Amino acid sequence: MQLPSNQFKSALRQMPTSSSLYGIWAGMASAYSAEILATTGHDWILLDGEHAPNTVPTLLGQLQALAAYPVNPVVRIPHGDPALIKQVLDIGAQSLMVPMVESAAQAAALVRAMRYPPAGIRGVGGGLIRATRWDAVADYIPQADQALCLVVQIESSLGVEHAAQIAAVEGVDAIFIGPADLSTSMGHAGNASHAEVQHSIRRTIDCCLAQGKACGILAPNEQDARRYAEWGCSFIAISIDIPLLRQAALASLARFRASPAPASGRQAY
Ligand SMILES: O=C(O)C(=O)C[C@H](O)[C@@H](O)CO
């Protein structure tokens with residue numbers, strides 16, 4: 001069989017000329033829930049291994065559930081440990097997001113962790129791993145790199161300071177801005193709308209575009225998402241599954257609490 005192609009990586013390469021890629025953040029750590037999201041038509045789904053209770057096996061289940069749908073999974077790992085990168089690539093993740101990257105050296109080390117020797121340090125799993133479809137993919141090793149996509153997160157003042165150098169690293173496919181961590185790092189916790197944070201976000205986008213790389217961001221607020229798209233962000237996570245669920249449940253309950261059902265009479269369905 002052929003190595004599955006990475007449509008997400010191909011689309012990012014055409015950025016910023018093509019239209020935005022809209023993503024949804026999956027924090028439920030559930031294959032069942034991820035599969036539901038896969039039916040909604042989003043371009044990409046972020047499987048969050050940093051702040052959701054995911055492990056390598058739960059990520060595997062989600063990747064398997066998504067494989068039947070035309071959606072691009074992006075796996076966020078909790079940190080850039082080469083051993084974890086190896087495990088997540090081995091289960092067949094092709095697009096990785098790594099949080100809190102603050103220097104070009106750190107980004108370059110991530111690129112090496114994703115590549116086989118001599119270009120990098122990734123260990124060979126051969127017929128043991130899903131990435132090779134247990135050796136059904138002929139010649140996986142020489143082709144692997146073309147289908148792997150590295151997205152690094154800039155989400156601190158230091159990261160913003162080094163954004164141009166980070167974006168310039170060969171093998172970094174895209175930058176993703178984390179507004180929650182960035183605003184917190186700048187002393188404006190929970191307020192990514194603060195003018196200083198907005199300035200840093202715009203500066204990071206500009207640095208990224210100047211290096212010819214795609215830039216993405218998490219923006220569940222519609223006005224923010226539209227503004228970031230105007231500034232040049234080309235892949236935007238526009239919602240997060242957990243707040244969607246919670247807000248829908250709260251709104252549903254509020255309708256009944258606000259106007260209690262009549263004490264008698266027929267119930268309407
Ligand atoms: O800093 C950010 O913003 C992010 O990296 C995304 C958050 O971690 C996300 O989990 C908030 O729900």
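A residue is called buried here when its relative accessible area is under 20%, exposed when it is over 50%, and partly exposed in between. With that cut-off, D224, at a relative accessible area of 19%, is buried. The structure is a predicted model, and the paragraphs below go through its salt bridges, one helix, one loop and the surroundings of the ligand.

D224 is a convenient place to begin. Its partner in a salt bridge is R227, and the closest N and O atoms of the two are 2.8 Å apart. Both residues belong to helix 11, which runs over residues 222-231, and because they are three residues apart there, about one helical turn separates them. An α-helix has 3.6 residues a turn, so residues three or four places apart point the same way. The two partners can be told apart by their accessibility: R227 is partly exposed, with a relative accessible area of 25%, whereas D224 is buried at 19%. Elsewhere, D48, E50 and R76 are joined into one network by salt bridges that share partners.

How many salt bridges does a search of the whole structure find? The count is eight. Side chains of opposite charge can pair when their charged atoms come close. Another of these pairs is R122 with D90, where the closest N and O atoms are 3.2 Å apart. D90 sits in helix 4 (residues 82-90) and R122 in the loop between helix 5 (104-114) and helix 6, so this salt bridge ties together parts that are 32 residues apart in sequence. R122 is buried, with a relative accessible area of 2%, and D90 is buried too, with a value of 15%.

The salt bridge between D145 and R115 also starts from that loop. Its closest N and O atoms are 3.3 Å apart. R115 lies in the loop between helix 5 and helix 6 and D145 in helix 6, so the pair links distant parts of the chain, 30 residues apart. R115 is buried, with a relative accessible area of 14%, while D145 is partly exposed, with a relative accessible area of 34%.

D145 leads on to the rest of helix 6. Which residues of helix 6, residues 140-147, are buried? They are Y140, A144 and A147. Seen down the helix axis, the buried residues of helix 6 fall within an arc of 75°, so they line one face of the helix. The face turned away from this buried side carries P142 and Q146, which are exposed. Among the elements that cover the buried residues of helix 6 are helix 1 (7-13) and strand 5 (149-154).

The loop between helix 5 and helix 6 has some backbone features of its own. P118 is located in this loop, and the peptide bond leading to P118 from P117 is cis, with omega near 5°. W134 is found in the loop as well. Its phi is near 55°, a positive value in a residue other than glycine. The relative accessible area of W134 is 48%, which makes this residue partly exposed. D139, again in the loop between helix 5 and helix 6, has a positive phi of about 55° although it is not a glycine. With a relative accessible area of 57%, D139 is exposed.

The last stop is the ligand. The residues around the ligand are W25, D48, H51, R76, Q153, E155, G178, P179, A180, D181, L218 and I240. D48 and R76 were met earlier, in the salt-bridge network with E50. Which helix gives the largest share of the shell around the ligand? Helix 9, residues 179-185, does so, with three residues.

Several polar atoms of the protein lie by oxygen atoms of the ligand. In the side chain of Q153, an N or O atom is 3.0 Å from a ligand oxygen. For E155, a polar side-chain atom lies 2.9 Å from an oxygen atom of the ligand. P179 takes part through its backbone, where an N or O atom lies 3.2 Å from an oxygen atom of the ligand. On its own the ligand has 330 Å² of accessible area, and the protein covers 81% of this.

Definitions and conventions. Residues numbered from 1 in each chain as written. Predicted model: local features only at pLDDT ≥ 70, side-chain atom pairs only at ≥ 80, totals over all residues. Heavy atoms only, no water. Buried < 20%, exposed > 50% of the residue type's maximum accessible area, 1.4 Å probe, protein only. Helix = DSSP H or I, 4+ residues; strand = E, 2+ residues; numbered from the N terminus. Arc of directions from axis to C-beta. Contact = heavy atoms within 4.5 Å. Salt bridge = Lys/Arg side-chain N within 4 Å of Asp/Glu carboxyl O. Near = heavy atom within 4 Å. Polar contact = N/O pair within 3.5 Å; in protein donor to acceptor, adjacent residues only side chain to side chain. Areas by Shrake-Rupley, 256 points an atom, 1.4 Å probe, with all protein chains shown as cover.
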